[in-house]
Amino acid sequence: MVTYREASPLDYKKIAELHVKSWQQHYRGDFSDHFLDVEAASEREGVWKHRLTSPSPDQYVVVAEQVSGICGFACAYKNEDVQYGTLLDNLHVSSVVKGLGIGKHLMKLVAREVLRNDPNAKMYLWVLENNVGAIGFYERLGGVNLETVVGNDIGDKEVRKCRMVWDSLELLAEDDGHIII
Ligand SMILES: CC(C)(COP(=O)(O)OP(=O)(O)OC[C@H]1O[C@@H](n2cnc3c(N)ncnc32)[C@H](O)[C@@H]1OP(=O)(O)O)[C@@H](O)C(=O)NCCC(=O)NCCS
């Protein structure tokens, strides 16, 4: 069974571990091997420790959990951008449980949290241009691929990244009746 809850400060190490593993599996070639295999673990642990022990008021982190531990997470910053709204900064699901509806459910929980404060809220995120699987997933969930830019906010290489936007979160927040076992 998969359950969902807001992250607590005790979760920072487990989330960081899942985050790094997912980067290693999906961003190989986009970032250097040295960054992924040597630097990312301490970089992510520092980021997640800070996020969960000193959360900004607009931060929302939700985790998916099985008996074996955390198997997915999403991190969003409400009202991050005047034009595009809430930033979904991270969404990762363990490769062991991909394709079971967990990513979609995490997106739904984020959408609901955002709409709770602002019924007209919008949302956006950045996804690597090479990450065609995730782009397909976001498009399936109503995201529109608005633009591609070059940046290097993570890692040690410039990457091409796409801005996906949702002008309305109503559909995303709807109950999909998905049962997760
Ligand atoms: C992208 C990711 C979060 C998706 O999570 P998931 O739990 O595997 O996806 P779900 O099972 O919730 O899929 C939801 C829907 O999207 C569809 N979908 C998933 N990938 C798709 C794709 N590449 N193209 C089209 N549809 C896709 C599913 O078929 C499902 O459709 P349904 O609602 O009709 O059943 C997950 O695969 C992941 O963590 N990937 C690696 C990390 C990553 O790239 N994160 C994004 C960083 S920006």
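Buried residues make up 47% of the 181 residues in this chain. The model is a predicted one, and the paragraphs below go from the whole chain down to single residues.

The overall dimensions come first. Along its principal axes, the C-alpha trace spans about 45 × 40 × 30 Å. A compact globule of 181 residues would have a radius of gyration near 16 Å, and the chain, with 16 Å, agrees with that value. The contacts within the chain can be sorted by how far apart the two residues are in sequence. Among contacts between residues at least 6 apart in sequence, 63% join residues at least 24 apart.

The surface can be described in a similar way. The accessible surface of the chain comes to about 9,600 Å². Carbon and sulfur atoms account for 50% of that area. As for charge, there are 20 positive and 27 negative side chains. The centres of these two sets lie 4 Å apart.

Next comes the secondary structure. The chain has five helices and seven strands. Read along the sequence, these elements follow the pattern β-α-α-β-β-β-α-β-α-β-β-α. Three strands of this pattern, namely strand 2, strand 3 and strand 4, can be followed through their pairing.

Strand 2 covers residues 59-66 and strand 3 covers residues 69-81. The two run antiparallel and are joined by eight bridges. The connection between strand 2 and strand 3 is a hairpin of two residues. To find one place where these strands face each other, look at Y60, which stands opposite A76 in strand 3.

Strand 3 also pairs with strand 4, which covers residues 85-93. Here seven bridges join the strands, and the direction is again antiparallel. A hairpin with three residues between the strands links strand 3 to strand 4. Within this pairing, Y77 has L87 of strand 4 as its bridge partner.

One residue of strand 3 has a backbone angle to note. N79 lies in strand 3, and its phi is near 55 degrees, a positive value in a residue other than glycine. Is N79 buried or exposed? Its relative accessible area is 54%, and the cut-off for exposed is over 50%, so N79 counts as exposed.

Just before strand 2 in the sequence is a loop that contains D58; this loop lies between helix 2 and strand 2. With a relative accessible area of 34%, D58 is partly exposed. Which residues does D58 touch, leaving aside those up to four places away in sequence? They are A76, Y77 and K78. Two of these have appeared already: A76 as the residue opposite Y60, and Y77 as the bridge partner of L87. The third, K78, is 20 residues from D58 in sequence, but the C-alpha atoms of the two are 5.0 Å apart in space.

The last stop is S32, in the loop between helix 1 (12-26) and helix 2 (33-53). Being in a loop does not place S32 on the exposed side of the cut-offs: its relative accessibility is 18%, so S32 counts as buried. The limit for this label is under 20%. Not counting residues up to four places away in sequence, S32 touches D156 and K157.

Conventions. Residues numbered from 1 in each chain as written. Predicted model: local features only at pLDDT ≥ 70, side-chain atom pairs only at ≥ 80, totals over all residues. Heavy atoms only, no water. Helix = DSSP H or I, 4+ residues; strand = E, 2+ residues; numbered from the N terminus. Rg over C-alpha atoms; globule rule 2.2 N^0.38 Å. Buried < 20%, exposed > 50% of the residue type's maximum accessible area, 1.4 Å probe, protein only. Contact = heavy atoms within 4.5 Å. Areas by Shrake-Rupley, 256 points an atom, 1.4 Å probe, with all protein chains shown as cover. Lys, Arg positive; Asp, Glu negative; His and termini not counted. Charge placed at Lys NZ, Arg CZ, Asp CG, Glu CD. Pairing = 2+ DSSP bridges.
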